[in-house]
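Morning, everyone. I have one structure to go through today, in two parts. Let me put it up.

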Amino acid sequence: MIAFLVQRLFQAVLVMLAVALIAFALFNYVGDPINSMVGQDTSVTERERLRQDLGLNDSFVVQFARFVGRAARGEFGLSYQQARPVGQIILEKVPATIELSFLAATLALVIGVPMGIYTGLHRRSWLSELLLAFSLIGVSLPTFLIGILLILVFSVGLGWLPSFGRGSVVQFGWWSSGLLTFEGWRAIIMPAVTLSLFQMTLIMRLVRAEMIEVLRTDYIKFARARGLTNRAVNFGHALKNTLVPVITIAGLQLGSIIAFAIITETVFQWPGMGLMFIQAVTFVDIPVMAAYLVLVGFFFVVINLVVDLLYHVVDPRLRVDRDRIGVG
Amino acid sequence: MWSTRGSGSTATGSALAEPRSAQAAARSASKLRRIFDGDLWWSFRCSPVTVAAALVALGIIVGALLAPWIAPHDPFNPASLSLLDASNPPAWLHGGSWTFPLGTDNQGRDILSAILYGSRLSLLVGFSAVLLALLLGVALGLLAGWRGGMTDAIIMRIADVELSFPAILIALLIDGVARGVLPRDAQSEIASSVLIAAIALSFWVQYARAVRASTLVERNKEYVQAARVIGVRPVTIVLGHLLPNVLGPVLVIATVNLALAILTEATLSFLGVGLPPTQPSLGTLIRNGNDYLFSGDWWISLFPGLVLAALILSVNLLGDWLRDAFNPKLR
Amino acid sequence: MSEPLLRVENLRVELPSRRGTLTAIDDVSFTIAPGEVLGVVGESGAGKSLTGAAIIGLLEPPLRVAGGRISLAGRRIDNLPNEAIRRIRGREIAAIFQDPLASLNPLYTVGRQLVETIGTHLDLSPTAARERAFSLLREVGIAGAEERFNHYPHQFSGGMRQRIVIALAIAAHPRLIIADEPTTALDVSIQAQIIGLLKRLCRDHGTAIMLITHDMGVIAETAQRVAVMYAGRIVEIGAVREVISNSRHPYTRGLMDSIPRIGGRRERLHQIEGSMPWLGEIPPGCPFNPRCPEAFDRCRHQRPDLLALAATKAACWLYDKAQAPVQGLVDG
């Protein structure tokens, strides 16, 4: 078990380094690091000297090491667009995205899993048909379209909810929360629903498909043949066997909410990291792009690691430190 | 277990032989094919939803293909536009006219024509991206599965890393890098190519994995080993023998992917990093119209949005049906 | 004659499909006496497993029982509501299947699955249930029961898993076990052990067994009577010795002839020409007639019922002239 943990950690570090490498390449070769530090009227000789001083003529490996070191401390240079430290910008934007993503993930799980279980158990009821149709629409409609439709109905049409911004926020140190005010909740509802819809329907379809598969297995048949109650069979056996593989995929899916936030934040002008990233891409603001990449990469690596470990804890077949025995 | 089709297994000690002459086998094989074809068509016809989806998808595709001929106006010829026609509502509302059935945008472009041309681009990018991803993924999957060893390890590592990130992020990144690297004036022209490449590069992994898994299985089968013993060149074995056998799951992935590719392109265009306003896809049209939602010109975004939704939905339904039809477990 | 434990009369199982309604099991009747082992042999697809499923009420829709009666100790069970059948399952009639690894939930310990089954049918305290689980494990021959109680299915070998499956099946001391190919997935040496275990349990507890298999050798060793199924019908049923050494129905004869024998003259392996018809293509009259070397005109038009002969019954017109057909119920 320990050996496995070490192996996964090692892999995670490798992936992080790969991401950092891409970010570094972006930073150094697509952009110009000097640009992000000096004004427009610095002379060429001064730039050259700055180059030398900053060690930009050093070998690749040395520069990369330096980049990694700085990145670990949160220093990514200055934004081209806003001419202030990238780290500071990120710190401002992070709470908005985290709150939105968290709420969306919760919605997706809390609604998606029970819907999936219901449609898996009661395959032919009219409610299942309805939910399935709804899920198909949820998977087919682009997130931004859902956002626009919601805005059309609730902001333009009914005027109930604001279509941009976070409403009123409360500040705690560097964290700003929109969840403590009524205005904040009014502002976060539509973006959260928009962001969660795709994941919600995905999770629902996933749980349903897995549940149907599980209900077809021999051990469920044997459980019925032993005379176990419907409740024991469906919720004691089938449910547990369904949720175990679903954990991995669902976990990864929920992790990707952070990335999908880019779209939602754009539609609702939500001042989070996603909007920041898009603006950086359109403006070709390399330091911001690089920083976002490293941050999100780190987040994904952590999520992957956690999900992997979780799977090992939950599935007894994987607990013993040997090869999996014919597990699908 | 309790199914009507037997498992056909014979254990040691069993005394029941099931002889089949070669003719009988051939007869039942062709009969099987006929039944299967009948089944496929039957399940298609009997599912009204699938038929409707096929019709909708077909309608949009045909409309898109014939756009240059059937579009009532040319929305991209600046000379033919007039600001007097700007912001017309759809024909059935007050202020609209049937010259512009679905209304016009802020520059006087006919929405219907824009949708026809836009669908063209959306479909073009979607299909091309899937095709490219398929080619790339199948090639790399075959390579990884056949060669094994270091080649396999490297390709799969890259695949694993890429799979940890959502496709949209990867597509965004590639697109962003391209913008930074390529000269600004060239960007509009090759935007579609960059977009296709970006989407393809974020989708190839699924194909590679599926093909690699199949290849690993097929590689150990006797017909491959026999071919090797005879001395058939590896390339011939891979392309001639392995490839047809591993294509099955790939086709299913491709149909599912098509909807996703169209969706991704639309999203990227909406975000402003996809197709530019000079050659707008449906996503770009929606982006344009987004600014006018509050001034009341809802039709500029909504109609392209509805067409986009209909397209993705119908492709998804067709993909679902195809997947169920090819799934032996559900028969 | 004492009341049989299980009585199946004119059972009919149908499968509505696109091609119309197919008959998977067609007018099958037999009985099982208390403590008796009845073998059911036939090729894959003959309907053996379906018969077992129908008896225990586990037919998967759209399969359904379309006619006939199934009675357990005189009480009719085929028309009971779901809850009533559930209580019979495991308690009166148990079933075990072919693949022991697939039959056990991989995420729960063996002990937990045992205790759960015990608790469903018997009203015991948790400690008593545990004790019973230990004794069950010991009874099926699992050494170190206390320790293995906390192990997961994948930590056992194939033969031991089947023993656990059997332990689960007998947890509430059912009167009948439907064993569907219990040894097919096991090594030959383990097969013998499992068969021995089943025989011992049968003897010790007086449990009847419906042994479904396509392995004639297992039947010869274990069963008292055997039913031969073909295309959803019973074509011959009787005492094992009689059916094996003195088969009446041409199909049974063909089966016995195709078993290779050690010693004796070396000749080509016998086989029965053709193959069993698929559900949608069962010919009129006797379903075996296209392959039967002794078929005559009547066979092609009229379907034979089971005709009583000396110690067996066979569904074949060859025997109509010798005996009058026996209507209705079928006894050993």
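One term before I start: two strands are said to pair if DSSP finds at least two bridges between them. Please also keep in mind that this is a predicted model.

I'll begin with strand 3 of chain C, residues 37-41. What does strand 3 pair with in chain C? One partner is strand 8, residues 208-213, which runs parallel to strand 3 over five bridges. Within that pairing, C:Val37 sits opposite C:Ile209. Strand 9, residues 225-230, is another parallel partner, with four bridges to strand 3. There, C:Val41 has C:Val228 as its bridge partner.

Now the side chains. In a regular strand they alternate between the two faces of the sheet. In strand 3, C:Val37, C:Gly39 and C:Val41 point one way, while C:Leu38 and C:Val40 point the other way. Are these residues buried or exposed? They are all buried, so five of five residues in strand 3 count as covered by the cut-off of 20 or more other C-beta atoms within 10 Å.

Second part: the contact between chains C and A. Here 24 residues of chain C meet 20 residues of chain A. Which elements of chain C supply at least two residues each to that side? They are helix 2 (82-88), strand 6 (93-96), helix 3 (100-103) and helix 4 (110-121). Helix 4 gives the largest share, four residues. By type, the chain C side splits into eleven nonpolar, seven polar and six charged residues.

That's what I have on strand 3 and the contact with chain A.

Methods: Residues are numbered from 1 along each chain as its sequence is written. Chains are lettered from A and ligands numbered from 1 in the order in which they are written. This is a predicted model: local features need pLDDT of at least 70, side-chain atom pairs count only at pLDDT 80 or more; totals for chains, interfaces and linings use all residues. Two residues are in contact if their C-beta atoms, placed from the backbone, lie within 7 Å. Ala, Val, Leu, Ile, Met, Phe, Trp, Tyr, Cys and Pro count as nonpolar, Asp, Glu, Lys and Arg as charged, and the others, Gly among them, as polar. A residue is buried if 20 or more other C-beta atoms lie within 10 Å of its own, exposed if 12 or fewer, and partly exposed in between; C-beta atoms are placed from the backbone.
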